[in-house]
Protein chains: 2
Amino acid sequence: MKIFEKVVIVGTGLIGGSIALAIKKKKLAGEVWGVSRRRESLVSAKRIGAIDYGSQDMNIAKDADLVILAVPVNTILDMAERISKIVKPRCIICDVGSSKQQIVSRLDKLFDNFVGTHPMAGSEKKGVIHASYGLFAGSVCIITPTRKTNQQAFKRIKDLWKALGAQVVCLDAFLHDKMVSYISHLPHIVVFALMGIIPDKYLKFASGGLKDTTRIAASDSFLWRDIFLSNRRELLKSIKSFENNLTTIKMAVDKGDGRKLVSILKRARKKRDLVK
Amino acid sequence: MKIFEKVVIVGTGLIGGSIALAIKKKKLAGEVWGVSRRRESLVSAKRIGAIDYGSQDMNIAKDADLVILAVPVNTILDMAERISKIVKPRCIICDVGSSKQQIVSRLDKLFDNFVGTHPMAGSEKKGVIHASYGLFAGSVCIITPTRKTNQQAFKRIKDLWKALGAQVVCLDAFLHDKMVSYISHLPHIVVFALMGIIPDKYLKFASGGLKDTTRIAASDSFLWRDIFLSNRRELLKSIKSFENNLTTIKMAVDKGDGRKLVSILKRARKKRDLVK
């Protein structure tokens with residue numbers, strides 16, 4: 001069911017490409033355009049049927065009714081003003097950035113119809129060749145409306161994510177950033193820190209446990225640098241909380257306090273059981 | 001091909017049960033006995049065809065030619081002396097404990113034919129109902145012989161693990177413990193510490209990345225308490241090394257040092273690519 005005429009997806013990588021594929025597959029738009037700096041990315045996106053047309057020129061967005069920004073957080077912040085001078089006032093702008101406060105506060109000012117979103121799905125893999133139209137099926141997509149958010153734009157973006165198979169949850173941008181600092185950004189920090197100190201010569205002995213635990217260490221370095229720096233304050237708080245808990249565990253190991261260890265391990269296990 | 005007459009597996013849990021299943025499937029023994037404190041565990045082990053006979057009495061090992069200790073590290077240490085008074089001198093004793101220095105030094109003194117092993121395979125799941133005869137296929141099994149190790153016993157245990165599908169690697173018990181502190185024990189500590197601080201209300205938003213990263217937090221609390229405490233010295237060293245790396249990352253985030261972050265993240269990613 002068509003809900004948009006011309007959709008422009010800026011950034012035809014894993015997320016942008018997956019959104020494009022799902023929009024095409026479900027016929028949610030009259031036409032889907034991809035914009036990327038990299039011509040090869042547009043060629044691949046077109047080859048897999050994610051987009052109808054590709055362009056390296058942002059100006060093709062001038063008659064779009066939906067623009068989805070699927071580039072790294074800093075790139076969204078960098079290009080927003082230029083895009084605001086290209087699109088029509090009625091055009092809906094949506095982003096998929098992994099931290100929301102900075103983006104929402106800046107883009108809310110620049111656009112009449114901005115809606116911030118964060119699909120909680122992805123992969124450590126990069127590029128449109130890993131895109132899949134089912135990436136969002138059964139996932140959660142967080143939408144971060146503000147008092148300024150246009151209600152009709154909000155409703156249409158909500159409908160879009162539902163059509164892509166996601167369960168939509170609304171959160172304040174601040175609460176979103178606090179939450180993802182715990183469930184996404186801190187886990188990446190911890191796994192990068194862990195992976196970085198394991199001597200190379202031991203890695204060939206890694207069991208399935210280590211493989212699963214460190215899978216996200218293969219994630220893109222620039223993407224995650226941007227995410228970490230855009231959510232610095234909340235991330236530093238969650239790192240501190242993690243460090244305190246690690247110190248408690250370390251002291252229990254050092255003292256041979258088995259009872260304390262069991263209580264900490266049981267608590268972690270109970271929480272893990274809550275992860276669906 | 002039969003390589004043992006009577007095999008006794010002490011501890012019919014995930015690992016003991018999987019060894020038993022594979023021995024039965026490949027007809028490596030005349031008969032397989034299971035010993036457990038828990039009658040239900042023996043009933044289950046027999047039902048799935050892992051053992052021919054079950055007993056709660058260790059004395060059935062008196063005419064065994066192989067006894068495999070597949071109980072937690074501390075239980076191995078606790079019961080070794082009693083078993084040494086039951087088995088015949090020619091009986092081969094093998095354990096599957098996750099740390100080796102304590103076990104190897106004690107059991108080498110108690111038995112004429114002891115061989116320490118550590119199959120690098122497992123699961124966060126517990127109990128014989130999760131046992132599988134293919135658990136060790138394609139995995140690595142570390143054997144930790146000493147100068148005292150009987151060469152014939154060593155060869156037969158090596159043949160056993162090869163027959164179970166594992167690639168056998170020999171390591172000194174000290175080097176083994178140092179290695180597993182990095183590739184197994186520290187990752188568990190870090191994941192338990194991480195899981196423990198994530199507020200419950202956020203857990204339902206967890207994406208696939210967090211699920212994979214924290215899967216091992218569902219591991220058995222008592223088993224891991226024992227493992228941590230039995231490898232205390234090496235574990236504390238690897239925790240310290242992890243803490244130092246985390247501090248470096250935290251400071252880079254705090255200072256907004258993007259270049260430093262990218263270099264740390266790239267290093268972690270390169271190491272992750274070495275994990276097969």
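A:Thr213 is the residue of chain A that comes closest to the rotation axis, with its C-alpha at 1.9 Å. The model is predicted. What does that axis do? Two copies of a chain are related by a rotation about an axis and a shift along it. Here, a turn of 180° lays chain A on chain B, and the shift along the axis is 0.0 Å. The RMSD of the fit is 0.1 Å. That is the relation of a two-fold axis.

Now look at where the copies touch. Of the interface residues of chain A, 100% are also interface residues in chain B. The copies therefore meet through the same surface.

Turn next to the sheet of chain B. Strands of a sheet pair through backbone hydrogen bonds, either parallel or antiparallel. In chain B, eight strands line up in the order β3-β2-β1-β4-β5-β6-β7-β8. The sheet is open, and its pairing is mixed. Which strands lie at the edges? They are β3 (53-55) and β8 (167-170) of chain B, and each pairs on one side only. On average, neighbouring strands of this sheet are turned by 25° against each other, direction ignored.

Zoom in on one pair. Strand β1 (residues 4-10) of chain B runs parallel to strand β4 (residues 66-69) of chain B, and four bridges join them. One residue to find is B:Val10, whose bridge partner in β4(B) is B:Leu69. Helix α1 (residues 14-25) of chain B packs on this sheet. Helix α1 of chain B touches β1, β2 (29-35), β4 and β6 (114-119) of chain B. Its direction makes about 160° with that of β1(B).

Move to chain A and find A:His118. A:His118 sits in strand β6 (residues 114-119) of chain A. Is A:His118 buried or exposed? Its relative accessible area is 6%, under the 20% cut-off, so A:His118 is buried. Leaving aside neighbours within four places in sequence, its contacts include A:Val96, A:Gly97, A:Ser98, A:Val140, A:Cys141 and A:Val180. A:His176 is another of these contacts. The side chains of A:His118 and A:His176 make a polar contact at 2.7 Å.

Finish with helix α9 (residues 232-255) of chain A. How far apart should its ends be? Helix α9 of chain A has 24 residues, and at 1.5 Å a residue it should span 34 Å. The end C-alpha atoms are 34 Å apart, which agrees. After α9(A) comes A:Gly256, with a positive phi near 70°.

Terms used. Residues are numbered from 1 along each chain as its sequence is written. Chains are lettered from A and ligands numbered from 1 in the order in which they are written. This is a predicted model: local features need pLDDT of at least 70, side-chain atom pairs count only at pLDDT 80 or more; totals for chains, interfaces and linings use all residues. Side-chain values use heavy atoms; hydrogens and water are left out. Helices (H or I, at least four residues) and strands (E, at least two) are DSSP runs, numbered from the N terminus. The expected span of a helix is 1.5 Å times one less than its number of residues. Two strands pair if DSSP finds at least two bridges between them. Axes are lines fitted to C-alpha atoms, for helices over the stretch in contact, and angles run from 0 to 180 degrees between N-to-C directions. Contact means heavy atoms within 4.5 Å. Buried means under 20% relative accessible area, exposed over 50%, partly exposed in between (1.4 Å probe, protein chains only). A polar contact is a pair of N or O atoms within 3.5 Å; within protein, one must be able to donate a hydrogen and the other to accept it, and residues adjacent in sequence count only if both atoms are side-chain atoms. Copies are superposed by least squares on the C-alpha atoms of residues with pLDDT of at least 70 in both.
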